[in-house]
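Please open the model in your viewer and keep the selection tool at hand. The tour below goes from one selection to the next and says what can be found at each stop.

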Amino acid sequence: MKAIAPDGVRVGCRTIRDGDETHLLPEEARSIPTRRLEMRRASGAARWVARGLLADFRINDFAILREPSGAPVWPMGITGSLAHDDEMAVAAVAPVSQIRSLGIDVEPAEPLSDDISALVTIDADVASVAIDPRLAGRLLFSAKEAVYKAVYPLDREVLGYEDIAVDLTTGYATTRTGRRAWLTYCVSPRIIVLALVSA
Ligand SMILES: CC(C)(COP(=O)(O)OP(=O)(O)OC[C@H]1O[C@@H](n2cnc3c(N)ncnc32)[C@H](O)[C@@H]1OP(=O)(O)O)[C@@H](O)C(=O)NCCC(=O)NCCS
């Protein structure tokens, strides 16, 4: 993961394990309405990772609340993002002086079904890069989720997959709302995408 993080961006991951729900601070738990243990476990794991990254900026024990939109609330001067799939939780943080906003996503490195790929992909997407072509659909999906998480805090606008065009050959995505995000990613052992909006 470190290989995909540009200067100034801290990233981390954790295999989600039994008991990770206890890593949710009480105020975080109150801000997360779901009662499903697996979801609280994943959210706890991601926040545990993020708190470790914030400590690099000498920010300790910060409660990363979830606002009603779903977006996490970061300390002043910091942008960040969380994601989890069934097995892995990831987080990224950066100073807003270096990165205006960022988003992260994690997905298993498995092909997406044709049905979902068709829902996610638009004509403007370009996915012809040197990866296993069976993973292209999943990589586009993950890139759009990461872009959405990066731009939502800036525009407060809900976007669909059709509102985000991803060009993996240039490494940029553009949104209907006029935002441009730079993408970095890996596809092994999992697909992880970072979307970065410049300061
Ligand atoms: C943001 C969203 C795409 C996340 O997808 P997901 O598969 O449910 O979950 P992920 O594991 O990838 O990410 C979860 C994290 O996303 C973050 N998140 C949720 N809503 C967010 C938002 N509006 N802005 C930024 N980050 C957000 C949270 O930190 C969350 O972690 P938490 O549940 O521990 O608090 C989804 O929750 C959502 O809001 N979808 C509506 C819009 C949409 O789907 N458009 C099509 C994709 S572009």
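**First stop: strand S3 and its partners**

Begin by selecting His84 together with Ala89, which is its bridge partner in S3. Bear in mind throughout that this is a predicted model. Now widen the selection to S2 and S3, which pair in the antiparallel sense over seven bridges, and look at the turn, where three residues join S2 to S3 as a hairpin.

Keep strand S3, residues 88-95, on the screen and add strand S1, residues 10-15; these two pair in the antiparallel sense over six bridges. One place to check this is Cys13, which stands opposite Val90 in S3.

How many of the residues of S3 are buried? Eight of its eight residues are, and the strand is described as mostly covered. In a regular strand the side chains alternate between the two faces of the sheet. Colour Met88, Val90, Ala92 and Ala94 in one shade for one side, and Ala89, Ala91, Val93 and Pro95 in another for the other side; the residues of both sets are all buried, and both faces of S3 are covered.

**Second stop: strand S8 and its partners**

Next select strand S8, residues 190-198, where eight of the nine residues are buried, so that the strand is largely enclosed by the rest of the structure. Add strand S4, residues 99-108, which pairs with S8 in the antiparallel sense over nine bridges; within this pairing, Gly103 has Ala195 in S8 as its bridge partner.

Then add strand S7, residues 180-186, which runs antiparallel to S8 and is joined to it by five bridges. Trp182 can serve as a marker here, since its bridge partner in S8 is Leu196. S7 and S8 form a hairpin, with three residues between them.

Zoom in on the loop between S7 and S8, where Pro189 has its place. Most residues other than glycine have a negative phi, and most peptide bonds are trans. The bond that joins Ser188 and Pro189, however, is a cis peptide bond, with omega at about 0 degrees.

From Pro189, draw a distance to the C-alpha atom of Met1: the two C-alpha atoms are separated by 10.0 Å, although the residues are 188 apart along the chain. Met1 itself is found in the segment before S1, and Met1 is partly exposed, with a relative accessible area of 24%.

**Third stop: helix H4 and two positive phi values**

Select helix H4, residues 136-155. At 1.5 Å a residue, the 20 residues of H4 should span 28 Å, and the end C-alpha atoms are 28 Å apart, which agrees. H4 is mostly covered, with 14 of its 20 residues buried.

Just after H4 comes Arg156, whose phi is positive, near 55 degrees. Arg156 has its place in the loop between H4 and strand S5, residues 164-167, and it is partly exposed, with a relative accessible area of 44%.

Is Asp61 buried or exposed? At 67% relative accessibility, Asp61 counts as exposed. Select it in the loop between H2 and S2, and note that its phi is near 55 degrees, a positive value in a residue other than glycine.

**Last stop: the two largest pockets**

Show the largest pocket, which has a volume of about 930 Å³. Of the 42 residues that line it, those nearest its centre are Gly70, Ala71, Pro72, Leu82 and Lys149. Why does this pocket lie between domain 1 and domain 2? Domain 1 (2-96) and domain 2 (105-198) both give residues to its lining, so it lies between them. Helix H2 (37-55), strand S2 (78-84), S4 and H4 each supply at least two residues of this lining, which by class has 18 nonpolar, nine polar and 15 charged residues.

Finish with the second largest pocket, which has a volume of about 160 Å³. Select the residues that line it, namely Ile16, Arg36, Glu38, Met39, Arg41, Ala42, His84, Asp85 and Asp86; H2 gives the most to this lining, with four residues. By class, the lining of the second largest pocket has three nonpolar, one polar and five charged residues. His84, with which the tour began as the partner of Ala89, is thus met again as one of the residues that line this pocket.

Key
Residues numbered from 1 in each chain as written. Predicted model: local features only at pLDDT ≥ 70, side-chain atom pairs only at ≥ 80, totals over all residues. Heavy atoms only, no water. Buried < 20%, exposed > 50% of the residue type's maximum accessible area, 1.4 Å probe, protein only. Pairing = 2+ DSSP bridges. 1 Å grid on protein atoms, 1.4 Å probe; cavity = no way out; pocket = protein on both sides within 12 Å on 5 of 7 lines; lining within 4 Å. Points joined across faces, edges and corners; volume = space filled by probe spheres on them. Nonpolar A, V, L, I, M, F, W, Y, C, P; charged D, E, K, R; others polar. Domains from an automatic or database assignment. Expected span 1.5 Å × (residues − 1).
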